[in-house]
Amino acid sequence: MAFFLPTQLLAQTPKSPPTAAPAAQQASAASSPAKSIGMFAYPKNEQSADQQLKDENECFASAKQQSGIDPQAPPPATKTEEQKKAEQQAAADNAKQAKGGRVKGAAGGAAGGAAVGAIADDDAGTGAAAGATAGAMVGGAKQRRANKAAKQQAAQATAQQQQQEEAQAKAMYQQGIDTFKRALSACMDARGYSIK
């Protein structure tokens, strides 16, 4: 004869599945349009979770239509670092380059060399030739430095312009999101919710 104790019977009976209410509440909270954009709605009039979700979805659609903004759309794309560097390099390559530095240096050097040669009772022509050679070298070096500086300035100006463009795009995007949030808040407030 086998005796079953009530605890043995309870251990053998399958457990009933958990109620679906917590899962439904979690699903509705997870799909909350307000939460998807970092806002939280609280019912003022004891609205049910299903009613709140319905109101949020309707207000979300209304705010999109009224503002013309889709807050779930990705923010504007920014240029990659490679694109930025390529633009800066192109600006540097296209920077205005100084020309004639060697010729100007040679002319100035020749005049100076001739004057020194005449003062030193040396041959003014020899002094002019030596001065022209030295002047050409100095003039060429100045031209190279000026061209390098012009390239750096062009690249820096392009980098600053890129930063300004990105900042403007971000500001415009954020302004659109703020406009959308105001529209959503107004709609939810009208339906009896506090939204932050």
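Which side chains meet in a salt bridge with 3.1 Å from N to O? One such pair is R191 and D55. The model is predicted, and this pair is a good place to enter it. R191 sits in the loop between α7 and β2 (193–195). D55 belongs to helix α4. Along the chain, 136 residues separate the two, so to speak of distant parts is fair. The two ends differ in exposure. R191 is partly exposed, at 32% relative accessible area. D55 is buried, at 6%. 

Now step back to the whole chain. The protein has seven helices and two strands. Read from the N terminus, the order is α-α-α-β-α-α-α-α-β. It has 196 residues, and 24% of them count as buried. The exposed surface comes to about 13600 Å². Carbon and sulfur atoms supply 58% of that area. Contacts reach across the sequence: among those between residues at least 6 apart, 76% join residues at least 24 apart.

Two helices recur in what follows. Helix α4 covers residues 49–67. Helix α7 covers residues 124–190. Several links run between them or beside them.

Start with the covalent link. The structure contains one disulfide. It joins C59 to C187, with the sulfur atoms 2.1 Å apart. C59 lies in helix α4 and C187 in helix α7, so the bond ties together parts that are 128 residues apart in sequence. The torsion about the S-S bond is about -70°, and the disulfide is therefore left-handed. Are these cysteines buried or exposed? Both C59 and C187 are buried.

An aromatic pair spans the two helices as well. A search of the whole structure finds one such pair. The partners are F60 and F180. Their ring centres are 5.0 Å apart and their planes stand at 70°. Planes over 60 degrees apart count as edge-to-face, so this pair is edge-to-face. F60 is in helix α4 and F180 is in helix α7, 120 residues further along the chain. F60 is buried, and F180 is buried too.

Charged pairs come next. The structure holds nine salt bridges. One of them joins D189 and K44, with the closest N and O atoms 3.1 Å apart. D189 is in helix α7, while K44 is in the loop between β1 (41–43) and α4. The pair spans 145 residues of sequence. How exposed is each partner, in relative accessibility? D189 is partly exposed at 45%. K44 is partly exposed at 48%.

Another salt bridge joins D70 and K64, where the closest N and O atoms are 3.9 Å apart. The cut-off for a salt bridge is 4 Å, so this pair counts as one. D70 is partly exposed at 33% relative accessibility. K64 is partly exposed at 35%. Elsewhere, salt bridges that share partners join K54, D55, E58 and R191 into one network. The opening pair, R191 and D55, thus appears again as part of that network.

Two single residues round out the tour. The first topic is S32. S32 sits in the loop between α2 (21–30) and α3 (33–36). S32 is buried, with a relative accessible area of 7%. Which residues does S32 touch, not counting those up to four places away in sequence? They are L53 and E56. The C-alpha atoms of S32 and K54 are separated by 9.4 Å, with their positions 22 residues apart along the chain. The side chain of S32 also reaches the backbone nitrogen of K35, at 3.2 Å.

The other residue is K84. It lies in helix α5, which runs over residues 81–93. Is this lysine buried or exposed? K84 has a relative accessible area of 14%. Buried means under 20%, so K84 counts as buried. Leaving aside neighbours within four places in sequence, K84 is in contact with K79, Q162 and E166.

How values were computed: Residues numbered from 1 in each chain as written. Predicted model: local features only at pLDDT ≥ 70, side-chain atom pairs only at ≥ 80, totals over all residues. Heavy atoms only, no water. Helix = DSSP H or I, 4+ residues; strand = E, 2+ residues; numbered from the N terminus. Buried < 20%, exposed > 50% of the residue type's maximum accessible area, 1.4 Å probe, protein only. Contact = heavy atoms within 4.5 Å. Areas by Shrake-Rupley, 256 points an atom, 1.4 Å probe, with all protein chains shown as cover. Phe/Tyr/Trp six-rings, centres within 6.5 Å; stacked < 30°, edge-to-face > 60°. Disulfide = S-S within 2.5 Å. Polar contact = N/O pair within 3.5 Å; in protein donor to acceptor, adjacent residues only side chain to side chain.
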